[in-house]
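Q: Got a minute to go through this one with me? I'd like to start with the aromatics and then move to the sheet.

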Amino acid sequence: MINIRNVSKTFNGVIAVDDISFTAEEGENFILLGASGCGKTTSLRMINRLIEPDLGQIFFNGKNILEFKAELLRRKIGYVMQNHGLFSHYTVSENIAVVPKLLGWDKIKIKKRTAVLMEKLKLPPEKYLSAYPSELSGGQQQRVGLARALAADPDVLLMDEPFGALDPVTRVHIRKEFMELDELSRKTIIMVTHDVNEALQLGDRICLMENGKVVQTATAEEILLKPASGYVNYFFGEYRQTLIMQQALLKDLLPLITEHIIPGKPALHFHETASFSDVIQTLSDPGYNNKIAEIKIKDGTSVWVTFDALTEAFQNWKNRKENE
């Protein structure tokens, strides 16, 4: 869907992006992760020609982006900015309608599309259609920015630190809504973030960058368990073990547990989609003495296991993954 080949960009003699290559597949959530100044935002902005590369090629659906007029390319690719980028003198409905109007949609179609998106993003049209950005909270402004990017139903969505300006509580809520939004399930999404947890939660694959270069491109599990370099290991640092535990889902650990305890014992309840990290945080609380977990399986049955059995299963899972 989006293919970047040997792309470089220099600003005033300083290399911002240095011979990078990656491909974001159709329908994939592809994350550009790294510290500030590593080149991730420059890379994103080159995809829709907000910045032109000095060297290399970028392809959209197999076609070189230079074959598109820049303004037409941007209408095919949605863009969500960190500070939402709303027009302050436009109402919510006018902000969302910007691209559909440029594409020549009729008023009825625009009105219907605007209402659908606002409902999905929990912005009741009857309350917010005529509101101005200054009358909205930060989270609401970010929702309008996402609605505007999705209005023309683009195949590709670029997101530059979309949740970065929000307070931690709002950020968690918006991120959860993002993951559940059906509008995004069929999109190719390329997102820039410096937040490790955000990258691991949202990304199908993660592209870690350092000093304008791609250091490693892999799934969350691979990048944690099989770091390609010392820098990758350093980047995730002291939290690496905790992050690995978040990747280990109980449904993956259960087949490694050979001895279950008798059902019916007092236990704490978890679903099989919970992570080992969820369990260890709860069972490690000094207030819980019976270190037993009841794990509910998708088919409605349950399995009772001890904390020790889960810990052993996690270690075996981790060893297998590292040696695959």
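**Aromatics, then the sheet**

A: Phe235 and Phe236 are both buried, meaning under 20% relative accessible area with a 1.4 Å probe, protein chains only. Before we go on: this is a predicted model, where local features need pLDDT of at least 70, side-chain atom pairs count only at pLDDT 80 or more, and totals for chains, interfaces and linings use all residues. Residues are numbered from 1 along each chain as its sequence is written, and side-chain values use heavy atoms, leaving out hydrogens and water.

Q: How many aromatic pairs are there in the whole structure?

A: Eight, counting Phe, Tyr and Trp (six-membered ring) with ring centres within 6.5 Å. The planes of Phe235 and Phe236 are 85 degrees apart, so that pair is edge-to-face (over 60; under 30 is stacked, the rest tilted).

Q: Which residues are in the cluster linked by ring pairs?

A: Tyr231, Tyr234, Phe235 and Phe236.

Q: And what sits over the ring of Phe68?

A: The charged end of Lys63, 4.7 Å from the ring centre (the cut-offs: NZ of Lys or CZ of Arg within 6 Å of the centre and within 35 degrees of the ring normal).

Q: OK, sheet time. What's the strand order?

A: S6-S7-S8-S3-S9-S10, an open sheet with mixed pairing; strands are DSSP E runs of at least two residues, numbered from the N terminus, and two pair if DSSP finds at least two bridges between them. S6 (77-80) and S10 (213-218) are at the edges, each with a single partner strand, so one side of each has no neighbour in the sheet.

Q: How many bridges join S9 to S10?

A: Five, and the two strands run antiparallel. Glu210 has Lys213 in S10 as its bridge partner.

Conventions
Helix = DSSP H or I, 4+ residues; strand = E, 2+ residues; numbered from the N terminus. Buried < 20%, exposed > 50% of the residue type's maximum accessible area, 1.4 Å probe, protein only.
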